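Visitor: I'd like to go through this one with you and ask how each label is earned. Can we put it on the screen?

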Amino acid sequence: MNITEKLPEVKNYINGKFERNGQNFLDVINPSDGSIISTVPLSTFEDVDKAVQAAARAFTTWSDITLKERVQIFFRYRTLLEKHTDELSKLVQLENGKTYDEAKAEIEKSMELCEFAVSMPQIVVNEVQEVSKGVECRIERKPLGVVASITPFNFPNMVPHWTIPIALVLGNTMIMKPSELVPLSTVRMADLLKEAGLPNGVFNIVNGGKEVVEAICDHPDIKAVSFVGSTKVAKIVYRRSTSSLKRCIALGGAKNHLLVLPDANPEMTASNVVASMTGCAGQRCMAASVMVGVDNIQHIIDRMVEDAKKIVPGENLGPVISEEAKKRIEDYITEAESNGAKILLDGRNTIVSGKEGGFYVGPTILDYVTPDMSVAREEIFGPVLSIIRAKDLDEAIEIENGSNYGNAAAVFTQSGGLAKQVMERASAGMIGVNIGVPVPREPFSFGGWNESKFGVGDITGRSSIEFWTKNKKTTIKWNPEAKTNWMS
Ligand code: NAD
């Protein structure tokens with residue numbers, strides 16, 4: 001596929017076929033220059049229902065083959081991701097705006113997620129024990145049936161892979177609802193899954209927005225819903241899908257705090273903090289958003305400002321996703337300035353020559369932010385770092401603990417004892433020590449705390465196996481002379 005041309009319209013993918021549907025369409029915009037690159041349908045309950053029926057039919061045969069057979073398809077699929085890395089990276093770059101290297105890192109992470117899924121026969125070994133002489137108990141994991149995955153705009157390739165390989169390998173069939181802002185990458189996933197040998201109906205895509213999400217939450221034949229997006233919508237999806245008696249895991253937004261201590265290595269700290277706040281234009285749920293500087297760390301701040309100046313919009317910094325997002329981010333900066341924050345680096349009104357229609361915000365560093373300001377409390381989702389000054393580590397931890405969110409937190413120090421205090425006392429699901437983006441690598445699981453995640457367990461790793469399966473417990477006795485106890 002030549003992705004420099006305007007792409008064909010996005011279609012739903014049901015039972016192994018792309019289908020045109022709907023009355024209403026949205027333009028898909030390239031955030032780097034504001035151009036229209038495709039259109040996406042806004043599907044309805046009827047479209048979801050059609051996909052669910054196809055997935056339910058496919059479930060009968062897909063769940064009946066062995067785990068070892070199902071993983072073969074994902075071995076092949078992982079190889080196809082590798083073979084098409086360049087093309088898939090360019091597609092992510094086109095629809096999301098992130099840099100090529102950032103997009104490529106997504107595909108690499110998607111491959112790693114497939115590697116976890118194909119190791120499932122090594123992990124999901126059912127349990128059996130002779131509980132009385134001649135009497136055996138066993139536990140087997142069974143798939144749930146038709147499940148759904150709803151994803152955000154910021155990782156068009158990786159976030160769908162948090163769910164697709166694991167849920168499908170475990171025997172479920174799926175309805176995928178990608179973000180309507182970035183629906184193109186998922187289309188290629190459908191192609192490549194088919195090429196890898198996935199039977200029709202096992203993976204389906206229904207495009208659209210709120211109406212599709214609501215239909216997924218309400219549909220009586222969908223057994224489980226995985227959601228990744230903002231906290232506002234995560235709460236809606238969690239409440240609505242659990243009230244219709246589904247299991248749900250809903251990952252929400254973030255406000256990650258990096259605690260910088262005066263003994264931190266200045267060079268490593270500055271480069272890590274800047275990379276964390278500017279990577280993917282700050283549109284990562286693991287991005288640094290607040291830096292809490294303990295005592296005198298002026299030398300590190302000075303170095304950070306110098307490092308951040310080397311992050312240039314249109315070169316090594318992509319745009320934010322939309323005009324609306326650019327305005328929201330710039331309004332936050334303006335509000336903080338009027339409330340007394342000192343702007344060390346100002347990314348407002350950025351225009352990239354030759355890409356005047358793009359939605360760029362330059363790296364922005366705000367100093368002397370106070371914990372009550374909205375830039376300190378709310379998710380900005382742009383390349384903006386707010387620095388709060390704290391007199392000691394206790395105060396810094398208190399500031400971190402005060403956030404409603406709890407995705408990630410990090411500490412920069414050379415003291416093991418102080419790092420340990422933050423590891424123990426920070427109220428976040430993922431902690432970094434001298435690492436600005438503490439994303440666990442597989443097989444370690446991904447998931448935050450507080451308002452960054454609703455539901456039990458994490459979205460990847462071992463607890464995802466619990467999420468996508470149910471246990472069947474069987475007690476067996478064949479020989480009449482078996483020794484029985486009080487309950488057999
Ligand atoms: P979003 O919540 O706006 O959208 C996510 C999904 O929900 C999309 O598929 C969208 O179509 C749908 N949606 C939007 N509004 C809806 C509504 N009112 N009712 C029902 N469905 C609705 O999120 P986004 O802007 O696409 O993504 C950015 C957000 O995702 C940020 O808050 C970011 O922190 C979060 N995120 C979190 C994680 C995590 O692991 N915790 C990972 C990636 C992104």
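Visitor: What makes you say where the ligand sits?
Guide: This is a predicted model, and in it the ligand sits in the largest pocket. To say "sits in", more than half of the ligand's atoms must lie within 2 Å of the pocket's grid points, and the ligand is counted as sitting there.

Visitor: Which residues are the closest to the ligand, and how many surround it?
Guide: There are 27 residues around the ligand, and the closest are Lys177, Glu180, Ser230, Gly252 and Glu379. A residue gets onto that list if one of its heavy atoms lies within 4 Å of the ligand.

Visitor: What makes the pair with Glu379 a polar contact?
Guide: The cut-off for a pair of N or O atoms is 3.5 Å. A ligand oxygen is 2.6 Å from an N or O atom in the Glu379 side chain, so that pair qualifies. Two backbone pairs also pass: a ligand nitrogen is 2.7 Å from a polar backbone atom of Gly252, and a ligand oxygen is 3.2 Å from one of Gly229. As for cover, the protein takes 88% of the 840 Å² of accessible area that the ligand has on its own.

Visitor: Why do you say the ligand lies between two domains?
Guide: Because domain 1 (12-253 + 451-473) and domain 2 (256-433) both give residues to its shell. Helix H8 (210-218) and strand E10 (224-228) each supply at least two shell residues. By class, the shell has 13 nonpolar, 10 polar and 4 charged residues.

Visitor: What is omega for the peptide bond from Glu442 to Pro443, and is the bond cis or trans?
Guide: Omega is near 10°, and the bond is cis. Pro443 is in the loop between strand E18 (430-433) and strand E19 (453-454).

Technical notes:
Residues numbered from 1 in each chain as written. Predicted model: local features only at pLDDT ≥ 70, side-chain atom pairs only at ≥ 80, totals over all residues. Heavy atoms only, no water. Polar contact = N/O pair within 3.5 Å; in protein donor to acceptor, adjacent residues only side chain to side chain. Areas by Shrake-Rupley, 256 points an atom, 1.4 Å probe, with all protein chains shown as cover. 1 Å grid on protein atoms, 1.4 Å probe; cavity = no way out; pocket = protein on both sides within 12 Å on 5 of 7 lines; lining within 4 Å. Helix = DSSP H or I, 4+ residues; strand = E, 2+ residues; numbered from the N terminus. Nonpolar A, V, L, I, M, F, W, Y, C, P; charged D, E, K, R; others polar. Domains from an automatic or database assignment.
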